Amino acid sequence: RFEGLVIDLLRREVRVGEQALALTSVEFKLLVALARTPGTALSREALSDAVQAGSYRPQDRTVDVQVARLRRKLQEVHPGADWIDTVRGEGYVFVPR
């Protein structure tokens with residue numbers, strides 16, 4: 001639980017305020033991976049490992065596209081609250097606000 005954001009691991013559900021957020025499996029896994037270590041930057045490789053099973057490794061930019069989609073969905077339900085920041089040269093970080 002973060003201010004305005006609830007991630008329910010058992011139900012695989014994300015709520016922003018009272019509104020449920022429809023996320024794909026990959027988007028949900030990305031958000032969980034980031035939220036488990038708030039304030040710590042995760043590399044694209046670490047995020048790719050968190051969302052992909054097996055030995056398949058997508059291109060680096062695939063993670064960027066997935067994070068952009070997740071950010072857009074979060075912005076749609078709660079404008080002005082940016083929970084995911086880009087850390088140049090490192091990756092992405094979850095910042096509870």
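## Nonpolar core

The largest nonpolar core of this predicted model comprises 26 residues, and those with the most contacts inside it are L5, I7, V14, L47 and L74. Two or more residues come from each of the elements β1 (5-8), β2 (13-16), α1 (25-35), α2, α3 (60-77) and β5. The greatest contribution is that of α1, which supplies 7 residues. In soluble globular proteins, nonpolar side chains tend to be buried together.

L5 illustrates the connections made by one of these core residues. When neighbours within four places in sequence are set aside, L5 is in contact with V14, R15, V16, L74, W83 and F94.

## Confidence

The protein chain has an average pLDDT of 87, and 91% of the residues score at least 70. Helix α2 (residues 44-51) has the lowest confidence, with a mean of 88, whereas strand β5 (residues 91-94) has the highest, at 95. Where pLDDT is low, the predicted coordinates should not be read in detail.

## Helix α2

Which residues of α2 are buried? They are L47, S48 and V51. Because these residues cover an arc of only 100° around the axis, they lie on the same side of α2. L47 is also among the residues with the most contacts inside the largest nonpolar core.

## V77 in helix α3

V77 is located in helix α3. Its relative accessible area is 18%, and V77 therefore counts as buried, the cut-off being under 20%.

Apart from neighbours within four places in sequence, the contacts of V77 are with V16, Q19 and L21. Of these, Q19 is 58 residues from V77 along the chain, yet the C-alpha atoms of the two residues are separated by 7.4 Å. V16 is also in contact with L5.

## The β4–β5 hairpin

Strand β4 (residues 84-87) pairs with β5 in the antiparallel sense, over 4 bridges. Within this pairing, D85 stands opposite V93 in β5. The two strands form a hairpin with 3 residues between them, and G89 in the turn has a positive phi of about 80°. Strand β5 also gives two or more residues to the largest nonpolar core.

## The β1–β2 loop

R12 lies in the loop between β1 and β2. Although R12 is not a glycine, its phi is positive, at about 55°. Is R12 buried, partly exposed or exposed? With a relative accessibility of 46%, R12 is partly exposed, because this value falls between the limits of 20% for buried and 50% for exposed residues.

Notes
Residues are numbered from 1 along each chain as its sequence is written. Side-chain values use heavy atoms; hydrogens and water are left out. pLDDT is the predictor's confidence in each residue, from 0 to 100. A nonpolar core is a set of buried Ala, Val, Leu, Ile, Met, Phe, Trp, Tyr and Cys residues joined through side-chain atoms within 4.5 Å. Buried means under 20% relative accessible area, exposed over 50%, partly exposed in between (1.4 Å probe, protein chains only). Contact means heavy atoms within 4.5 Å. The arc is that of the directions from the helix axis to the C-beta atoms. Two strands pair if DSSP finds at least two bridges between them.
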